[in-house]
Amino acid sequence: CGRAAYVQSYRDYDAAATTLAFSTGEPQGGVFGDTSVVVFPFDVTYELDGKRYHDRGHDILALSRSGGDWKVVWRTMQAAPVEGLTEDA
């Protein structure tokens, strides 16, 4: 839980997969006082366990401002395979 888990999720991905292509869309969100929710669209092609995958989705972050600094307080990712683009590497 918290920062360590957030960072570890990226380390786990990096250790298990090879990213072949990655792009982002325009982030969308809003600020509501000291809270912000931002949606980051992405498109990723990667290899994992000898297979190639192509996913599209959104990384969704909730942030809280304390003492002038923004901190991630919640994160989830929603992704789905792009039809017909999963194949053996």
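Which residue in β4 does Ser36 stand opposite? Select Ser36 and look across to β4: the residue opposite is Leu63. The tour below works outward from that pair.

**Before starting**

This is a predicted model, in which local features need pLDDT of at least 70 and side-chain atom pairs count only at pLDDT 80 or more, while totals for chains, interfaces and linings use all residues. Residues are numbered from 1 along each chain as its sequence is written, and side-chain values use heavy atoms, with hydrogens and water left out.

**The whole chain**

Show the chain as a cartoon. One helix and six strands are there, in the order α-β-β-β-β-β-β from the N terminus. The chain is more spread out than a compact globule, because its radius of gyration is 15 Å, well over the 12 Å that the globule rule gives for 89 residues. Helices (H or I, at least four residues) and strands (E, at least two) are DSSP runs, numbered from the N terminus. The radius of gyration is taken over C-alpha atoms, and the globule rule is 2.2 Å times the number of residues to the power 0.38.

Along the principal axes, the C-alpha atoms fill a box of roughly 50 × 25 × 15 Å. Switch to a surface view: about 6400 Å² is accessible, and carbon and sulfur atoms hold 52% of that (Shrake-Rupley method with a 1.4 Å probe; for residues, only the protein chains shown count as cover). Of the 89 residues, 19% are buried. Buried means under 20% relative accessible area, exposed over 50%, and partly exposed in between, with a 1.4 Å probe and protein chains only.

Colour by charge next. There are 8 positive and 13 negative side chains, and the centres of the two sets lie 7 Å apart. Lys and Arg count as positive and Asp and Glu as negative, with His and the chain ends not counted; the place of a charge is NZ of Lys, CZ of Arg, CG of Asp or CD of Glu.

**Strand β3 and its partners**

Select residues 35-48, which are strand β3, and then residues 51-66, which are β4. The two run antiparallel and are joined by 14 bridges (strands pair if DSSP finds at least two bridges between them). Within this pairing, Val39 has Ile60 as its bridge partner in β4.

Add residues 18-24, strand β1, which runs antiparallel to β3 with six bridges. Here Ser23 stands opposite Asp43 in β3. Then add strand β2, residues 28-32, which pairs with β3 in the antiparallel sense over five bridges. Gln28 has Val39 as its bridge partner in β3. Two residues lie between the strands in the hairpin of β2 and β3, where Gly33 takes a positive phi near 65°.

**The turn at Asp49**

Go to Asp49, in the loop between β3 and β4. Its phi is near 50°, a positive value in a residue other than glycine. Asp49 counts as exposed because its relative accessibility is 74%.

**From β4 to β5**

Select residues 69-81, strand β5, which pairs with β4 in the antiparallel sense over twelve bridges. Asp55 has Pro81 as its bridge partner in β5. The hairpin of β4 and β5 has two residues between the strands, and Gly67 in the turn has a positive phi of about 65°.

**Three side chains to inspect**

Start with Trp70 in strand β5. Is Trp70 exposed, buried or partly exposed? With 35% relative accessibility, Trp70 counts as partly exposed. Beyond its neighbours within four places in sequence, Trp70 is in contact with residues including Val31, Gly33, Ser36 and Leu63 (contact means heavy atoms within 4.5 Å). This returns to the opening pair, Ser36 and Leu63.

Move to His58 in strand β4, which is partly exposed at a relative accessible area of 34%. The C-alpha atoms of His58 and Val39 are separated by 6.2 Å, although 19 residues lie along the chain from one to the other. Not counting residues up to four places away in sequence, His58 touches Val39, Phe40, Pro41, Phe42, Thr76, Met77 and Gln78.

End at Arg56, also placed in strand β4. Arg56 is partly exposed, with a relative accessible area of 47%. Leaving out residues up to four places away in sequence, Arg56 touches Phe42, Asp43, Gln78, Ala79, Ala80 and Val82.
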